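Hi,

Here is the structure I said I'd pass on. Have a look at it first, and then read on for what turned up.

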Amino acid sequence: MALLLFVPFLLLRAPLAGASVPVELTVVVDSKGGGNFTSVQQAIDFIPADNQRWTKIHITAGVYT
């Protein structure tokens with residue numbers, strides 16, 4: 001349950017009202033294996049700590065534990 005509350009909070013912190021920033025990389029999380037990763041944590045870990053590119057993590061519908 002905590003993850004469900006935490007992820008939207010991160011999305012709200014995005015600079016949407018400011019200048020338009022193009023997404024440079026999109027990764028897909030699909031619990032059934034149809035994306036780049038099967039877990040949300042794998043997608044987050046994929047992005048380096050010193051990342052300078054706007055990266056979108058698209059999470060498909062499914063159950064993630």
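Quick bit of vocabulary before anything else: pLDDT is the predictor's confidence in each residue, on a scale from 0 to 100. You'll need it, since this is a predicted model. The chain averages a pLDDT of 81, with 71% of its residues at 70 or more. Residues 8-12 are a weak spot: the pLDDT there is below 50, and apart from near neighbours in sequence the stretch has 1 contact in the model. Where pLDDT is low, the predicted coordinates should not be read in detail.

Now the layout. The chain has 65 residues, with 2 helices and 2 strands that come in the order α-β-α-β along the sequence. Of the contacts with a separation of 6 or more, 59% are between residues 24 or more positions apart.

On the inside, 11% of the residues are buried. The largest nonpolar core is made of V27, V29, F37, V40 and A43, and strand 1 and helix 2 (40-46) each contribute at least two residues to this core. V40 is worth a click: setting aside neighbours within four places in sequence, V40 touches V29, I59 and Y64.

On the outside, the accessible surface is about 5300 Å², and carbon and sulfur atoms account for 62% of that. V21, V23 and W54 make a nonpolar patch there, with about 240 Å² of accessible area together. V21 sits in the loop between helix 1 (2-12) and strand 1 (25-29), and counts as partly exposed because its relative accessibility is 43%.

Cheers

Methods. Residues are numbered from 1 along each chain as its sequence is written. This is a predicted model: local features need pLDDT of at least 70, side-chain atom pairs count only at pLDDT 80 or more; totals for chains, interfaces and linings use all residues. Side-chain values use heavy atoms; hydrogens and water are left out. Patches are made of residues with over 30% relative accessible area and no salt bridge: like charges are joined within 9 Å, nonpolar side chains (Val, Leu, Ile, Met, Phe, Trp, Tyr) within 5 Å. Accessible areas come from the Shrake-Rupley method with a 1.4 Å probe; for residues, only the protein chains shown count as cover. A salt bridge is a side-chain nitrogen of Lys or Arg within 4 Å of a carboxyl oxygen of Asp or Glu. Helices (H or I, at least four residues) and strands (E, at least two) are DSSP runs, numbered from the N terminus. Buried means under 20% relative accessible area, exposed over 50%, partly exposed in between (1.4 Å probe, protein chains only). Contact means heavy atoms within 4.5 Å. A nonpolar core is a set of buried Ala, Val, Leu, Ile, Met, Phe, Trp, Tyr and Cys residues joined through side-chain atoms within 4.5 Å.
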